Amino acid sequence: MPRFRAILDTMPAYRAGKAVVSADGRSYKLSSNESPYEPLPSVVEAVARAATTMHRYPDPAATALTEALAEHHGVPAEHVALGAGSVTVAQQLFETVSEPGAEVIYAWRSFEAYPLLADLAGATSVRVPLLGETHHLDAMADAITPNTRMIFVCNPNNPTGTVVQAAELEAFLERVPENVLVVLDEAYREYVRDPGVTDGLTVYRERPNVAVLRTFSKAYGLAGLRVGYLIGGEPVAAAVRKTTVPFAVNHLAQAAAIASLAAEDELLERVDAVVAERGRVREALIEQGWEVPATEANFVWLRLGERTLDFAEACAGEGVAVRPFAGEGARVSIGDPEANDTFLAAAAAFRKNA
């Protein structure tokens with residue numbers, strides 16, 4: 001029997017959102033925060049053209065995509081680092097800072113990959129409980145020690161959808177030592193409509209120890225192709241690039257991401273539609289009697305406690321897959337109106353029968 005790392009005996013595997021099918025054949029996947037829209041024709045065309053040369057290795061530096069991102073965000077190309085989805089870039093960040101005794105701070109509950117990535121990298125996780133479903137930044141600052149190497153601030157937070165306001169973030173960053181890297185995980189940035197939430201790219205320009213994570217998986221609808229990126233100071237981006245697996249971002253993904261940037265106006269119209277549905281779904285849930293925190297992402301959060309798995313099962317019976325966190329709550333992605341209406345009916349029935 002081969003010998004493996006001891007940590008593998010205790011750490012759970014990452015659980016992706018699943019699909020379900022009702023008895024009458026209905027299936028609505030609201031468990032993975034995916035875009036409910038099919039790819040734009042221009043993006044499909046770009047992928048089709050790129051497919052004619054898929055017998056060749058992709059550009060390992062993703063030069064064209066890097067330059068497109070740099071131009072799009074108005075940053076130097078040297079400040080951009082790419083990976084196969086923002087979760088992979090997060091993994092690369094953990095690898096850049098982790099060694100025995102190194103600590104990484106993050107809110108909990110937050111993105112469920114953080115503890116897995118910390119364990120695999122050999123870092124010590126410091127989990128700071130949420131306050132009112134959002135980051136308790138004062139407590140996170142209090143948790144900093146000489147061993148702290150990195151802090152993740154997921155904004156909007158996954159799975160609660162809540163946000164950190166600009167003044168809170170600024171006060172927090174004032175308390176963080178310059179040798180501690182603060183990562184603003186902004187996978188859902190395009191869905192933010194609250195003017196009080198600072199764009200991380202503004203913050204990073206003023207603070208060398210701040211970096212920003214973004215992804216093409218959510219608003220841009222490229223979840224199946226896996227493209228994420230970091231924007232940070234040159235030393236941070238260079239360190240991340242050193243930990244990149246060769247050819248991590250494949251040829252088709254690079255082509256699709258470049259085409260998506262070119263079609264951003266059209267894509268953001270779809271984001272506006274999701275935001276409108278988000279408001280409708282939240283208001284309907286509140287009218288049903290649920291407590292739903294204000295969300296700036298493409299999902300809503302229901303704190304259900306011990307009823308969480310029962311709720312998920314009831315939704316599954318209607319063909320709606322949600323993302324349950326046992327004993328805590330359920331995250332429900334915003335889909336198209338039909339999917340959302342089916343979920344709302346399932347939520348109303350569950351509440352009536354509870």
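**Exercise 1. Identify the side-chain contact that joins glutamate 264 and histidine 72, and describe the charge environment of glutamate 264.**

Solution. The side chains of glutamate 264 and histidine 72 are joined by a polar contact of 3.1 Å. The model is a predicted one. Next, place the residue: glutamate 264 belongs to helix α10, which covers residues 264-288. Then look for an opposite charge. Arginine 214 is the nearest side chain of that kind, at 7.7 Å. A salt bridge requires a nitrogen-to-oxygen approach within 4 Å. Glutamate 264 is buried and has no salt bridge.

**Exercise 2. Find the salt-bridge partner of arginine 214 and state where both residues lie.**

Solution. Arginine 214 forms a salt bridge with glutamate 186, with 2.8 Å between the closest N and O atoms. This pair links distant parts of the chain: glutamate 186 is in the loop between β6 (181-185) and α7, arginine 214 is in strand β7, and they are 28 residues apart. For burial, the cut-off is under 20% relative accessible area. Glutamate 186 has 2%, so this residue counts as buried. Arginine 214 has 5% and therefore is buried as well.

**Exercise 3. Compare the settings of two further salt bridges, arginine 207 with glutamate 170 and arginine 280 with glutamate 277.**

Solution. The search gives a count of 17 salt bridges. In one of them, the closest N and O atoms of arginine 207 and glutamate 170 are 2.6 Å apart. Arginine 207 sits in the loop between α7 (200-206) and β7 (210-215), and glutamate 170 in helix α6 (residues 166-175), so the bridge ties together parts 37 residues apart in sequence. Arginine 207 is buried at 16% relative accessibility, whereas glutamate 170 is partly exposed at 34%.

The bridge between arginine 280 and glutamate 277 has an N to O distance of 2.9 Å. These residues are 3 apart within helix α10, so about one helical turn separates them. Arginine 280 is partly exposed at 31% relative accessibility, and glutamate 277 is buried at 12%.

Salt bridges also link Asp24, Arg26 and Glu318 in a network.

**Exercise 4. Classify the aromatic pair of phenylalanine 216 and tyrosine 220, then that of tryptophan 301 and phenylalanine 325.**

Solution. The whole structure contains 14 aromatic pairs. Phenylalanine 216 and tyrosine 220 have ring centres 4.9 Å apart and planes at 55 degrees, a tilted pair. Phenylalanine 216 is buried at 1% relative accessible area, and tyrosine 220 is buried at 7%.

Tryptophan 301 and phenylalanine 325 are also tilted, at 6.0 Å centre to centre and 55 degrees between the planes. This pair links distant parts of the chain, with tryptophan 301 in strand β9 (residues 299-303) and phenylalanine 325 in strand β11 (residues 323-325), 24 residues apart. Tryptophan 301 is buried at 1% relative accessibility, as is phenylalanine 325 at 4%.

**Exercise 5. Locate arginines whose charged ends sit over aromatic rings.**

Solution. Arginine 323 places its charged end over the ring of phenylalanine 325, 4.7 Å from the ring centre. The charged end of arginine 127 sits over the ring of tryptophan 108, at 4.6 Å from its centre. Tryptophan 108 belongs to a cluster linked by ring pairs, which also includes Phe94, Tyr106, Phe111, Tyr114 and Phe152.

**Exercise 6. Describe the chain over the domain listed in UniProt.**

Solution. An unreviewed UniProt entry lists "domain: Aminotransferase class I/classII large" for residues 29-344. Over residues 29-344 the chain is 41% helix and 17% strand, and the end C-alpha atoms lie 14 Å apart.

Conventions: Residues numbered from 1 in each chain as written. Predicted model: local features only at pLDDT ≥ 70, side-chain atom pairs only at ≥ 80, totals over all residues. Heavy atoms only, no water. Phe/Tyr/Trp six-rings, centres within 6.5 Å; stacked < 30°, edge-to-face > 60°. Buried < 20%, exposed > 50% of the residue type's maximum accessible area, 1.4 Å probe, protein only. Helix = DSSP H or I, 4+ residues; strand = E, 2+ residues; numbered from the N terminus. Lys NZ or Arg CZ within 6 Å of the ring centre and 35° of its normal. UniProt positions renumbered as here; feature names shortened; annotations may be inferred. Lys, Arg positive; Asp, Glu negative; His and termini not counted. Polar contact = N/O pair within 3.5 Å; in protein donor to acceptor, adjacent residues only side chain to side chain.
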